[in-house]
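Please find my notes on the model below. They are set out point by point and are meant to be read beside the coordinates.

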Amino acid sequence: MNRHLCLVACLLLGAAQFSFADKRPQRKAVAAPAPSPVEEPSEDATGEEEPASEPDEAASDDSAAPEESLLEQASPAPERPNKRATMPPPPRPALQAPAPAVQGAAEPSKEAPKPAEEPLKRASERGYDWLEKVAGPDVVKLLASQGYIVTYKLDKTLNLAHVQWEMLEPLVKRAPALLEAQAAIGGFRQGRQPDGKEKALKAVLELPSTGLATPRIRSAASVLLDLLEERRIAGSMPLPQRPFASQAWSRDFVKRYNVREVRDPSPIADPYFLEVLCAPASAAPAPAHLAAEEKNRYGNDIADLVARDTKSGQLSDDLRGWVMKYLDDNRHALRLAELPADFATLFQSNQLQRELADLRAASDALSKDPAFLDVLRSALAPGREPADTVKVTFGALHVHAPTHGDAYDPGDKAEISGAYWLDGLTKGESTQVEELVFVDRGAEGVEILSDHRRSLGAGGPYTFSVNPAVQDGRPFVVRVVLHAAGAAPAHRDENVAPSSDMDKTLVSLGRADRQLTACKLKDAAAAYDSLSKDVAGKKGRAPFERLAADLRPRVKRTQLALEDFEELQGLLEPLRRDASTRECAFATDRGERARGLLRRLPAGCSRDLAPEVNQLLAAAAQRQRDQETFWEAVRRARKLEQNCKHQLAAERYAAGLAVLDADSAAKCGAAEAEYKLVQTRELPAALAAEAIQADFDRQIQEASGALEKSEHAKALGTLNPLLARIGASPAASCYEIQRKRAEELADRGGAELKAGPMALARVPDSTDGPIAAVTKERDRMRAEEEAKRKRELAQQAPAALEELPGVPASAPEVESGEAPKQAQSKPATKAPAPKAQAAREEALRASRKAAEEAEAAVEEDEDAAAEALLASEKTEVRAKPATKAKPEKRSTSKKRRNR
């Protein structure tokens, strides 16, 4: 029942269209060519006038009416002809049938012969024929494959269904420049420079991103434009052969600050100075590379300036300008080295060559006729067309609502359907019908959804449906062309407007991403949390489900960034103490940790915190390095001084002091105390030692000269004090050469000196006093040592007698070199008499008393102590009982001491 009602309604609608078409007969008359002014009405054999031709049957249906082509419906152009014009367009020989020839007036009674008329064609067929004639079939196929036009084939005839003017017009207008650009790209590959081709190369980039200007061709044009720009800026002066961006010590900096794309080097001058020039790991290569490059390019030696600023940790205005030039020159050098390699990479496959060939063919064909666009529009304009034998009744297109809401979301598949009916066919008769459905996306081209040819009979409805992809939130147009053989093409368009919910959500997402990049981590975390809740409430909508999956890693990354940021905030105060002179505990561990956290945080955090972190880290590292240099210099100087290299030691001492003088902030704590010790004692001593050695050499030279003149007394007068001074010096081993030389000269002078009054005479010398004092001190020390030895012997003798009461005491030591007398001892079997025993004990007591008195008096008078000790020994010897014993050889005092 519903189907019959729908059919009745369509028929009524068709009848209304017929009546409406009959009321506007002027439209077809306007498009028809004007008749010849000399043509007379034709008559048949009976003499009756031929009736005027009736309006074409196609004008009875709105879908088949002589209306403007799909080209004019889809993409109206400003140059389109006015369909309300009162005058027809000028006839073109290639498109219009020639006017009939004018016969002469000699035989008026005879009928003039009619010329053969060109068969009438549809506008779509005429447009295709003209385009193929001008551009060629290959170019037409190329334009169709790239989305510039839409064509189809019906009953062995090719038709132009649609022209995408937003793409075709820029291509035609820039065709000559595109030919030059293609030649420049191909020529550079063969070694020819693209000088003067900037305008042509820019024309490639001005084309829409779709079509013949493929991404590879656009990339090649961009590379050549960048190469020409870099060469123009670099000038003729030499550029760095090995840019710093390619060095191992700067790769991390180049990556984090994207140095290759930084056009203005001023924002990265300070980070480069603090992170690269002042970094301990790269202190040697980076400053040297900077100084060498600036001297090679500009002829200025800035090594001292670089050393001064890196030592102080402060970037001066003078060095800042050189650093900015250095960074800019290195970027140009790097780009000039990389761009040819990038260009060669594009040609690694043959695809770019094929694309360039297609661009050349299309540009060559489209640049031949300057009026190409105007003629194409005229060819597609409505004109005389064959009468319709079939009527197509086309219903409206239906855009089905999605299951999750009122509009489609980006990423959805839209559902669009339609139906049509065929009339004018007898029972059992059929005709070919072209069903063409495509999406019009403006400058982004067209997308063919359906292209079917069907053999259908009368009736219907014949339905079709398509599912175009909703790529983003921008509206697009779905266009349908129905062309049945024997009828004019029928067109239907339908706009599809996707939902704006995803666009709003993406705007919020972009705002949250910007907050994260700007280091507003708490705001970003709150925004991501709100987005997650909003997206979670839209279940069943595929784009939002995908967005929810993309949000999860963002939320996690923001949480990790918050943790790193809090840790970095906690490191700032210890980092300030590490660089403080009050603490004087310069360390870089926390600074390196803080710099590592900055690398993991978003770029906005580096912009806000990197200057302070880099400044504190550079100061701590510089002061730590200066202190280590000072301690190393002092250590090496002391080692050199031990090796008697006093001059080198003094230089090391002075170098160590100079390091702390240059960095007064590093002169603190233990380094400051050591600085004062070296400055007041060790450096002057090293300098004095060198002077003393020089004075020794001078005196030896004078004594040698005196001996050559036979002035022996004078030479000995110089050498004897010199030997005394060398022997008394605390660093006597450092003057061993001078001592041996002086002794040799003294022996020689003494041997050659003759005995006589002058030789025996006492020669006064200014050094007599010091020499006598040294001699007296030496004698005193020897006497003290001798007294100590005797004291020890006195303490040991009584103990030995008490342990062995029956053994006779040994004879006293003999100071002289005479041999001791053999003592007669009694046989050991006989016991001593009581009187002798009492005498012996009395002698022992006396000996002990004498030893104690000698020990007490040794500090007052050493000579008295020695006499007292001798008296005690004599008393002990007299107290020993006279025993007859076998003579026994006694050891001398020297041998006893050895035992």
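The points below cover the strands, the aromatic residues and the nonpolar cores of this predicted model.

1. The open sheet. Four strands make up an open sheet, in the order S7-S6-S9-S10, and their pairing is antiparallel. The edges are taken by S7 (446–457) and S10 (490–496); each has a single partner strand, so one side of each is left without a neighbour in the sheet. On average, neighbouring strands of this sheet are turned by 15 degrees against each other, direction ignored.

2. Strands S9 and S10. Seven bridges pair strand S9 (residues 476–484) with S10 in the antiparallel sense. Phe476 has Val496 of S10 opposite. The ring of Phe476 also has a charged partner: Arg441 lies over its face, at 4.9 Å from the ring centre.

3. The hairpin of S1 and S2. Strand S1 (residues 149–154) and strand S2 (residues 157–163) run antiparallel and are joined by six bridges. Within this pairing, Lys153 is opposite Leu158 in S2. Two residues lie between the strands of the hairpin, and Asp155 takes a positive phi near 55 degrees. A reader checking backbone angles may wish to look at Asp155 for that positive phi.

4. Aromatic pairs. The structure has 12 aromatic pairs. How are the rings of Phe630 and Trp631 placed, edge-to-face or stacked? Their centres are 5.7 Å apart and their planes stand at 65 degrees, and planes over 60 degrees apart count as edge-to-face, so this pair is edge-to-face. Phe630 is buried, at a relative accessible area of 0%, whereas Trp631 is partly exposed, at 35%.

5. Ring cluster and a second charge over a ring. Phe244, Phe253, Tyr257, Tyr272 and Tyr326 are linked into a cluster by ring pairs. Elsewhere in the list of contacts with rings, Arg377 lies over the face of Trp165, at 4.1 Å from the ring centre.

6. The largest nonpolar core. This core holds 52 residues, of which Leu168, Ile185, Leu201, Phe372 and Leu376 touch the most other members. Helix H9 (residues 215–234) gives the most to the core, namely eight residues. Which residues does Phe372 contact, leaving aside its neighbours within four places in sequence? They are Trp130, Leu131, Val134, Leu168, Val172 and Leu366. Of these contacts of Phe372, Leu168 is itself among the core residues that touch the most other members.

7. A separate core. Apart from the largest core lies another, of 31 residues, including Leu516, Ala561, Ala619 and Ala620. As background to both cores, nonpolar side chains tend to be buried together in soluble globular proteins.

Methods
Residues numbered from 1 in each chain as written. Predicted model: local features only at pLDDT ≥ 70, side-chain atom pairs only at ≥ 80, totals over all residues. Heavy atoms only, no water. Pairing = 2+ DSSP bridges. Axes fitted to C-alpha atoms, helices over the stretch in contact; angles between N-to-C directions. Phe/Tyr/Trp six-rings, centres within 6.5 Å; stacked < 30°, edge-to-face > 60°. Buried < 20%, exposed > 50% of the residue type's maximum accessible area, 1.4 Å probe, protein only. Lys NZ or Arg CZ within 6 Å of the ring centre and 35° of its normal. Core = buried A, V, L, I, M, F, W, Y, C linked by side-chain atoms within 4.5 Å. Contact = heavy atoms within 4.5 Å.
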